[in-house]
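Colleague: Hi, have you got a minute to go through this one with me? I'd like to start with the packing and then move on to the cysteines.

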Amino acid sequence: MTGDYDTQDIILYFIFFRPNQNGCQTVGGTLKAQGLKERALKYSRSMVLLKIKFPFQKRVRLAQGLWLLSWVAMFSGAITFAMGVFLKTELHRRSEVMHSMDIHIVPNLLMAVGLASVGINICAGKVCQDSLDPTRFPRWKMFLPPFFCFSVFLTSLLLVAMILSFALQPSLEESLKIGLKNGIHFYKDTDTPGRCFQKETIDRLQIEFQCCGNTNYRDWFEVQWISSRYLDFTSKEVKDRVRSNVDGRYLLDGVPFSCCNPASPRPCIQYSLLDNSAHYNYEYQSEELNLYNRGCRQALVSYYMGLMNTIGPCVLFDFLLQMTILVSLRYLQTAMEGVIGQENVEIETEGYILEKGVKETLLETKEKMKKLLQFARVDDASAVTPDTEPEADKPATA
Amino acid sequence: MAVLPIKFTKNKRDKLAQILWVLNWVSVVTGIILFSLGIFLKVEINKRLDLMAERQLQSVPNMLIAVGLIACMINFLGGKICYDCVDTNKFLRWKLVMLPYIICTFFFTLSVLVGALMCYSMHGQLKEALTLGLRDAMRYYKDTATPGRCFLKRTVDQLQIQFQCCGNEGYRDWFQIQWVSNRYLDMSQREVVDRLRSNVEGKYLMDGVPFSCCNVNSPRPCIQYQITNNSAHFNYDYQTEELNLWMRGCHQALLDYYTNIGHSIGLTVLIIWLFELSVLTGVRYLQTSLENVLRQGDPECESDGWLLENSFVETARSNFNVIKHLGKFNQISSNGDPNIDKPPTAHYGPDNVPPKPLPTAS
């Protein structure tokens with residue numbers, strides 16, 4: 001008889017079903033042993049996921065440690081929210097030179113998840129407090145499974161936010177390129193409503209970020225940035241310049257004053273930049289300190305990437321902390337479920353993450369969803385059948 | 001006649017001691033605040049030290065830093081004393097220290113008050129320092145090749161951009177100094193030579209300002225050169241033009257900025273001073289009530305607490321006498337003063353309590 005079973009079956013048999021000596025010897029015991037073996041095999045196929053044994057002391061310590069950790073995570077969630085708010089205000093301050101608002105999804109996600117995690121951690125703390133008292137714990141039974149799904153989903157949004165902050169960099173750069181191009185184009189339109197603040201915005205931007213133009217200072221050579229209101233059209237020089245290009249724009253090799261670098265040893269040269277003879281002891285090819293060399297697009301992208309790189313590790317820490325809490329809470333819940341209904345509260349129980357394997361849990365959830373849908377359909381069907389039944393009766397009576 | 005006596009039951013005394021313990025720790029925190037305010041002021045002044053002439057400006061932040069540190073130490077000690085005062089036995093340890101501690105703390109609070117008043121007096125010193133400092137900074141604006149002055153151009157430019165100001169009192173100050181270095185002047189040109197000859201000192205003066213004077217809010221591109229020449233620019237009238245350059249002088253801008261900081265810090269220090277004074281009053285009441293408990297012998301009884309045992313005048317007189325007798329200590333006692341060596345013939349109390357030393361100054 002024993003030759004038909006391999007070692008694993010025997011081990012499982014004795015672990016799960018501890019038969020007495022007599023049951024093994026008799027014929028009826030053999031049949032019983034066979035049935036038990038099948039059940040043991042079936043049980044072994046649907047092994048629980050990552051099982052841990054929890055004696056009473058370990059449970060208590062887990063509950064207490066988790067309660068403390070949930071407070072830490074609450075602060076961490078609040079900090080994530082604050083960082084989201086900070087990033088959003090910084091992006092909003094320069095929204096006039098940004099064309100699209102795609103990048104705003106990163107701070108929005110951070111704010112939403114930060115707030116939600118404060119709520120999640122308050123719940124987790126309450127569950128921990130109640131788990132120390134077996135009479136109060138059962139009321140969480142229906143609440144916890146959807147709570148876990150919801151929390152895991154929200155926490156994974158943090159990772160999504162981090163990935164997006166890198167993935168959206170090209171989009172940010174493109175948005176800045178278009179925004180700055182428009183800003184430089186409308187620099188002169190200080191009398192057009194809706195555009196009158198472009199000059200001030202671009203000047204302040206160039207001074208604050210120590211940059212000039214979109215890619216570099218030559219961007220100003222291609223745009224008319226002096227309004228026609230201040231051009232004397234009777235002078236020869238102005239007429240020549242306006243005639244020299246197709247669109248009739250007043251183009252010159254000069255830049256606004258906000259491109260000037262205070263670190264330059266000589267007074268700022270803004271006009272006739274490419275003309276070495278216009279200024280004494282000046283050579284534009286070797287002059288580096290006169291104007292800002294960096295383009296504003298590059299300056300802004302570096303600034304925002306720097307901000308997000310600083311926020312990144314904090315968000316990662318928050319994510320890891322939150323996942324640790326959720327996993328530990330799941331262990332606590334499953335360990336406590338073994339205690340409910342028992343006389344002796346101090347027994348040892350097992351905690352696990354999933355009762356069955358991952359595939360089986362997914363199958364089960366699918367079945368449940370199907371049943372729910374069928375239930376809805378059965379309601380519709382039963383609404384239809386009362387009409388067909390009298391029709392079925394009628395021919396019978398007819 | 002005691003000054004402001006209050007009756008203290010045992011409960012009230014214990015509660016007073018506990019409250020004072022907490023308040024002393026709060027005072028340690030306010031001491032740290034004082035210290036950090038001093039550091040902040042020091043950093044702010046040092047940031048623009050290039051623009052200020054040598055004056056005793058560093059004394060104000062140094063005073064605040066010192067006062068902050070001493071406040072921390074004194075209040076830490078006070079917290080320890082008040083913690084021990086709940087238990088009458090432990091109070092005996094501190095009995096002799098408490099009175100000197102209270103006197104020291106009283107003088108210390110006076111120095112906190114002095115610190116607060118110094119913050120308000122910064123205005124006068126700053127005014128003079130800034131006038132001279134800014135004038136020199138503008139004069140050395142062009143000396144970017146001279147070691148020791150090469151950063152002044154950058155400092156002045158950044159100052160004018162950040163504080164939105166131009167020149168010392170106004171933009172015309174730039175017309176009176178040569179702010180373009182000779183290295184960048186073409187001496188072969190007639191215009192340059194004319195300008196150099198046009199004044200006694202041979203300076204290249206012109207009606208132009210550096211780019212950092214330009215106003216960001218102006219609707220037209222900045223006009224920095226030939227400011228007073230209306231015909232040099234199209235559609236331009238310098239008398240009515242207000243948005244082209246910054247109108248404010250940097251002297252006024254910096255003075256306002258530092259005066260605001262000084263006033264805010266001064267107000268905070270005054271509030272801290274009032275808080276320290278109230279804590280000191282509480283400690284004094286605690287000390288006198290505990291001493292009276294010891295005098296009466298029963299730790300559970302009710303006792304009086306006061307600020308001064310006798311009225312102000314009598315206390316002043318007795319202290320004055322103490323100082324006089326300290327001076328006379330070395331002289332022979334047969335001088336005739338009947339009060340020096342005579343022990344008190346008044347009540348002794350229980351036999352095992354030694355007579356009190358003369359005179360009691362508490």
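Colleague: Which residues touch the most other members of the largest nonpolar core?

Modeller: Those are Trp174(B) and Val209(B), in a core of 80 residues. Keep in mind that this is a predicted model.

Colleague: Which helices of chain B each supply at least two residues of this core?

Modeller: Helix 1 (10-47), helix 2 (59-84), helix 3 (88-120), helix 4 (122-139), helix 5, helix 6 and helix 7 of chain B each do. Helix 7 of chain B gives the most, with 16 residues.

Colleague: And what does Val209(B) touch?

Modeller: Leaving out residues up to four places away in sequence, Val209(B) touches Cys166(B), Tyr171(B), Trp174(B), Phe175(B), Trp179(B), Gln224(B), Ile227(B) and Leu245(B). There is also a second, separate core of 76 residues, which includes Leu87(A), Ile184(A), Ile202(A) and Val255(A).

Colleague: Cys166(B) caught my eye there. What is its disulfide partner?

Modeller: Cys166(B) forms a disulfide with Cys213(B), with the sulfur atoms 1.9 Å apart. The pair links distant parts of the chain, 47 residues apart: Cys166(B) is in the loop between helix 5 (152-163) and helix 6 (190-197) of chain B, and Cys213(B) in the loop between helix 6 and helix 7 (250-296) of chain B. Both Cys166(B) and Cys213(B) are buried.

Colleague: Is the disulfide of Cys166(B) and Cys213(B) right-handed or left-handed?

Modeller: Right-handed, because the torsion about its S-S bond is about 85°.

Colleague: How many disulfides does a search of the whole structure find?

Modeller: Six, over all chains. One of them, in chain A, joins Cys212(A) and Cys259(A), whose sulfur atoms are 1.9 Å apart. With 80° about the S-S bond, the link of Cys212(A) and Cys259(A) is right-handed. Cys212(A) lies in the loop between helix 8 and helix 9 (236-243) of chain A, and Cys259(A) in the loop between helix 9 and helix 10 of chain A, so here too the pair links distant parts of the chain, 47 residues apart.

Colleague: What about Cys260(A)?

Modeller: Cys260(A) is joined to Cys268(A) by a disulfide, S to S 1.8 Å. That link is left-handed, with -80° about the S-S bond. Cys260(A) counts as buried at 2% relative accessibility, and Cys268(A) is buried with a relative accessible area of 10%.

Colleague: What is the pairing pattern in chain A?

Modeller: With the bonded cysteines numbered in sequence order, chain A pairs 1-6, 2-3, 4-5. The disulfides of chain B follow the pattern 1-6, 2-3, 4-5.

Colleague: Why is there no bond from Cys104(B) to the closest cysteine sulfur?

Modeller: Because that closest sulfur, in Cys82(B), is 16 Å away, too far for a bond. For Cys301(B) the closest cysteine sulfur is in Cys85(B), 15 Å away, which is also too far. Cys301(B) counts as buried, at 14% relative accessibility.

Colleague: Switching to helix 7 of chain A, which of its residues are buried?

Modeller: Leu172(A), Ser175(A), Leu176(A), Gly179(A), Leu180(A), Gly183(A) and Ile184(A). Seen down the helix axis, they fall within an arc of 155°, so they line one face of helix 7 of chain A.

Colleague: What covers them?

Modeller: The cover includes helix 8 (198-209) and helix 10 (296-337) of chain A.

Colleague: And how far apart are the end C-alpha atoms of helix 7 of chain A?

Modeller: They are 24 Å apart, which agrees with the 24 Å expected for its 17 residues at 1.5 Å a residue.

How values were computed
Residues numbered from 1 in each chain as written. Chains lettered and ligands numbered in written order. Predicted model: local features only at pLDDT ≥ 70, side-chain atom pairs only at ≥ 80, totals over all residues. Heavy atoms only, no water. Helix = DSSP H or I, 4+ residues; strand = E, 2+ residues; numbered from the N terminus. Expected span 1.5 Å × (residues − 1). Buried < 20%, exposed > 50% of the residue type's maximum accessible area, 1.4 Å probe, protein only. Arc of directions from axis to C-beta. Contact = heavy atoms within 4.5 Å. Disulfide = S-S within 2.5 Å. Core = buried A, V, L, I, M, F, W, Y, C linked by side-chain atoms within 4.5 Å.
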